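Open your viewer, pick a cartoon style you like, and keep the selection box handy. We will take this one stop at a time.

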Amino acid sequence: MQTYREACGASSAVERELGYDGWGRRLRPIRTRTYSRSRGAADSRSAKIDDLVAMTTTINRKIIPMGSRTRKAVLVVHIVSVGAWIGIDVMVGVLVLAGWFSDDPGIQGLAYQALGTFAVVPMLTAAVAGLASGILLGFGTRFGLLRYWWVAVKLAMNVVLCVLILVALRPGMADVVEYGRSLAAGAEPQLDVSTLFFPPAVSLTALTVATVLAVAKPWGRIRSADARK
Ligand code: HEM
């Protein structure tokens, strides 16, 4: 028996060609908005297309697509690492403030000793874990390492912060512990601890910016020299 559509002279192939689906509804064109503008159904469609493109050009774009489960697992590690890093920064800020504002030299001394003894290693571990998992996510997803500005900026920030922990924070920690011990023992040691305010302030600001970048994914793609020609 002839269907209504066949009676009207329509076949699904012809309809698709004309921009209608098999039921006579207008097919909406797939929009290819960039990921940075908004995240909705159109984005997930364009994300899938991008993933396919990335998979077919793996070597060119240095992307090794991860399976969905692996990506989720690495993303969890990434978020937990940077979350831990932010938490450690908050702890460092609290210890610095306790050292400054407490009236009790015992508490001041304890705060500086804790700061000098416990801050650097966990902070560096979290920072390196965030960097490593971020790099894995960059290589393993369509975002790449240097394809999107928001990823490249986060990469630069993460590397700079790791270097600052090693070069600017770590070397002074032995003196801070000594200063704390002397304070707790009732002495009046001389050390300029005012600069201890900067590590947590700078790091927390940078990590907040990095989190905003990760969520908002602004600025779109980095145009390569090839694309500009
Ligand atoms: C500086 C510290 C960093 C912070 C605070 C941070 C934060 C975050 C957060 C909160 C997300 C989840 C966003 C979402 O799912 O909507 C995320 C995802 C991501 N991050 Fe980071 N990140 C940092 C460093 C890095 C680095 C160094 C890289 C790579 C070089 C990187 C690459 C990525 C990528 C590619 C994703 C998306 C993963 C996906 O959705 O599949 N991140 N980041």
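The tour below goes from the whole chain to the helices, the core, the ligand and a few loop residues.

**Stop 1: the whole protein, coloured by confidence**

Before you select anything, keep in mind that this is a predicted model. Show the full chain as a cartoon: the protein has 11 helices and zero strands. Of its 229 residues, 23% count as buried. Among contacts with a separation of 6 or more, 72% join residues 24 or more positions apart.

Now colour by pLDDT. The mean for the protein is 82, and 70% of the residues reach 70 or more. Where is confidence lowest, and where is it highest? Helix α1 (residues 4-7) has the lowest mean, 42, while α8 has the highest, 98.

Select residues 1-15 next. Their pLDDT stays under 50, and the model gives this stretch seven contacts beyond four places in sequence. Then try residues 29-38, where the pLDDT is also below 50; this stretch has 17 contacts beyond near neighbours in sequence. Where pLDDT is low, predicted coordinates should not be read in detail, so feel free to dim both selections.

**Stop 2: helix α5**

Select residues 68-101, which make up α5. Does the distance between the ends fit a helix, or conflict with one? At 1.5 Å a residue, the 34 residues of α5 should span 50 Å, and the end C-alpha atoms are 49 Å apart, which agrees.

Show side chains along α5 and look for the buried ones. They include Val74, His78, Ser81, Val82, Trp85 and Ile88. Asp89, Val92, Leu95, Val96 and Gly99 are buried in α5 too. To see what covers the buried residues of this helix, bring up its surroundings, which include α6, α7 and α10.

**Stop 3: helix α8**

Move on to residues 149-169, helix α8. The 21 residues of α8 should span 30 Å at 1.5 Å a residue; the end C-alpha atoms lie 28 Å apart, which agrees. Which residues of α8 are buried? They are Trp150, Val151, Lys154, Asn158, Leu161, Ile165 and Leu169. The cover over them includes α7, α9 and α10.

**Stop 4: the largest nonpolar core**

Select Trp85, Leu115, Met123 and Ala127 and show them as spheres. These have the most contacts inside the largest nonpolar core, which has 24 residues. Helices α5, α6 (105-118), α7, α8, α9 (173-184) and α10 each supply at least two residues of this core. The largest share, six residues, comes from α5.

Centre the view on Ala127. Apart from neighbours within four places in sequence, Ala127 is in contact with Trp85, Asn158, Leu161, Cys162 and Ile165. Three of those names may look familiar from the previous stop: Asn158, Leu161 and Ile165 are buried in α8.

**Stop 5: around the ligand**

Select the ligand and expand to its surroundings. The shell holds 24 residues, the closest being Gly134, Leu155, Asn158, Ala210 and Ala214. The elements that give two or more residues to this shell are α5, α7 (120-140), α8 and α10 (198-216). Which of them gives the most? That is α7, with six residues.

Colouring the shell by class gives 15 nonpolar, seven polar and two charged residues. Asn158 is worth a label here, as one of the closest residues to the ligand and a contact of Ala127.

**Stop 6: a loop residue between α8 and α9**

Jump to Arg170, in the loop between α8 and α9. Is Arg170 buried or partly exposed? With 15 C-beta neighbours inside 10 Å, Arg170 counts as partly exposed. Turn on distances and pick the C-alpha atoms of Arg170 and Val120: they are 50 residues apart along the chain but separated by 6.3 Å. Leaving aside neighbours within four places, Arg170 is in contact with Val120 and Ile165.

**Stop 7: two positive phi angles**

Most residues other than glycine have a negative phi. Select Lys217 and Trp219, which both lie in the loop between α10 and α11 (225-228). Phi is positive in both: near 45° for Lys217 and near 75° for Trp219. Lys217 counts as partly exposed, with 19 C-beta neighbours inside 10 Å. Trp219 is partly exposed as well, with 14 other C-beta atoms within 10 Å.

Technical notes:
Residues numbered from 1 in each chain as written. Predicted model: local features only at pLDDT ≥ 70, side-chain atom pairs only at ≥ 80, totals over all residues. Near = placed C-beta within 6 Å. Helix = DSSP H or I, 4+ residues; strand = E, 2+ residues; numbered from the N terminus. Nonpolar A, V, L, I, M, F, W, Y, C, P; charged D, E, K, R; others polar. Core = buried A, V, L, I, M, F, W, Y, C linked by C-beta atoms within 7 Å. Buried ≥ 20, exposed ≤ 12 C-beta atoms within 10 Å, placed from the backbone. Contact = placed C-beta atoms within 7 Å. Expected span 1.5 Å × (residues − 1). pLDDT = per-residue confidence, 0-100.
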